[in-house]
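Visitor: I'd like to learn how to read a fold. Could you walk me through one?

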Amino acid sequence: MGLKPSLYWNLEDDKENIREGAIELRARVAEHMYYKNYETPEKAKQQLNGPGFTWRIAAARKVELITGRKLSGRIIEVGAGTGVFSAQISKEPQVNEVYCLDYDRFSIDSLFPLVCNNLNADTEKIQPVVGSYNAMKCEDGYFDYVISLGAIHHSENLTATLKECFRVLKPGGFVVAVEHCHPNSYTNYQQRADYEKLISPQRAKMLYNDESLKIKVKDNSDHYYRICEFESAGFAAGFDVLPYIFDVEGEKADDKIFRKPQPYRDYSNRFFRPYFAKDLAKPVFDNLLLILHKPSSEEAPSFMTDINIKNVTDKGFFGRLFK
Ligand SMILES: C[S@@+](CC[C@H](N)C(=O)[O-])C[C@H]1O[C@@H](n2cnc3c(N)ncnc32)[C@H](O)[C@@H]1O
């Protein structure tokens, strides 16, 4: 059985939150950079086990250790790009349905079917969707999980995005986002200046197959959100919030402003350092696992606190997080 036909959720309804030209740029990345990497089952497996994905999926799956629940039920992956995570999770028996959403049509209609085919996805469970994560045309409370792997930092309005995620989740549901982040000491001035920077010719060549292309960071709808911006948007949307920061690239990280753990509130229990750091001597904490929980009257009011306390006090559990 092949994939179901895509749903097309009206992008016009999210016009004010979509940067002009960003979708076209994304389509070029999918066409020039990603497509060739998934042309055969061998290539697709190589990608899955390569540096781009392993750690992202591993980080997202930490939510299972943290909450004690497997990713299950109805899942939507937003800003899915290649859709590798959707393809993989569809094969698990506790997962009933997977929506794979991106606003770029090429990714959903051309790249994702190739990925599903070459990663042997369970296509019966999958619904591809072209649409924006700020305007999902499904009923309230439809999903158990919203997953974002490096996608919601593209949001032009993080609060609007997370409000929409809150709406589509069942009470008790979770957003699990793995995102590049900046420390809270990063200033508005720096942030604005960084958005105006031109990407290098090498990067323009790699992403868009054109080194002469003059693209600013902001043109691709990329954002350097701080941890506190992710958190405050999560709270504003109605979620309870658990943030974990971790290092993935060590010295090679493209952003070195996280040179040491943030002296920030009670973050000390919220690092994934030994697991992910490539250079243990000089970790750069520039990635965030953001867990957002939609409160439910069926859970104890202390549900999130209990998770947090368990994480701090239960040595076995804590140890496993760092495996
Ligand atoms: C950096 S890519 C990450 C892709 C994929 N999750 C991965 O791990 O490779 C970000 C993706 O988010 C998508 N995106 C950005 N804004 C979006 C929006 N408002 N609605 C849906 N998708 C969006 C882009 O098209 C792009 O495919």
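Guide: We'll go through the sheet, the helices that pack, and the ligand shell.
Guide: This is a predicted model, where local features need pLDDT of at least 70 and side-chain atom pairs count only at pLDDT 80 or more, while totals for chains, interfaces and linings use all residues. Residues are numbered from 1 along each chain as its sequence is written.

Visitor: Let's start with the sheet. In what order do the eight strands come?
Guide: Strands of a sheet pair through backbone hydrogen bonds, either parallel or antiparallel. Here the eight strands form an open sheet, ordered 1-4-3-2-5-6-8-7, with mixed pairing. Strand 1 (7-8) and strand 7 (240-246) are at the edges with a single partner strand each, so one side of each has no neighbour in the sheet. Helices (H or I, at least four residues) and strands (E, at least two) are DSSP runs, numbered from the N terminus, and two strands pair if DSSP finds at least two bridges between them.

Visitor: How many bridges join strand 2 and strand 3?
Guide: Six bridges, in the parallel sense, link strand 2 (residues 73-78) with strand 3 (residues 95-102). To spot one, look at I76: its bridge partner in strand 3 is Y99.

Visitor: Which strands does helix 6 touch?
Guide: Helix 6 (residues 158-168) packs on the sheet and touches strand 2, strand 5 (143-149), strand 6 (169-180) and strand 8 (287-293). Its direction makes about 145 degrees with that of strand 6. Helix 9 (residues 227-236) lies across strand 6, strand 7 and strand 8, at about 160 degrees to strand 7. Touching residues have C-beta atoms, placed from the backbone, within 7 Å.

Visitor: Now for helix pairs. At what angle do helix 1 and helix 5 pack?
Guide: Two packed helices are described by the angle between their axes and the distance between the axes. Helix 1 (residues 22-34) and helix 5 (residues 105-118) pack at about 30 degrees, with axes 8 Å apart. Axes are lines fitted to C-alpha atoms, for helices over the stretch in contact, and angles run from 0 to 180 degrees between N-to-C directions. The two helices are therefore roughly parallel; the cut-offs are under 35 degrees for roughly parallel, over 145 for roughly antiparallel, 65 to 115 for roughly perpendicular, and oblique for the rest. On the helix 1 side, A27, A30, E31 and Y34 meet F106, S107 and L111 of helix 5.

Visitor: What angle does helix 1 make with helix 8?
Guide: Helix 1 and helix 8 (residues 201-208) pack at about 75 degrees, their axes 7 Å apart. That makes helix 1 roughly perpendicular to helix 8. L25, R28, V29, H32 and M33 of helix 1 make the contact with M206, L207 and Y208 of helix 8.

Visitor: And which residues of helix 6 meet helix 9?
Guide: L158, T159 and L162 of helix 6 meet E229, F230, A233, G234 and A236 of helix 9. The axes come within 8 Å and cross at roughly 45 degrees.

Visitor: Last one: which residues come nearest the ligand?
Guide: Of the 20 residues around the ligand, the nearest are G79, G81, Y103, L149 and H154. A residue counts as near if its C-beta atom, placed from the backbone, lies within 6 Å.

Notes: Contact = placed C-beta atoms within 7 Å.
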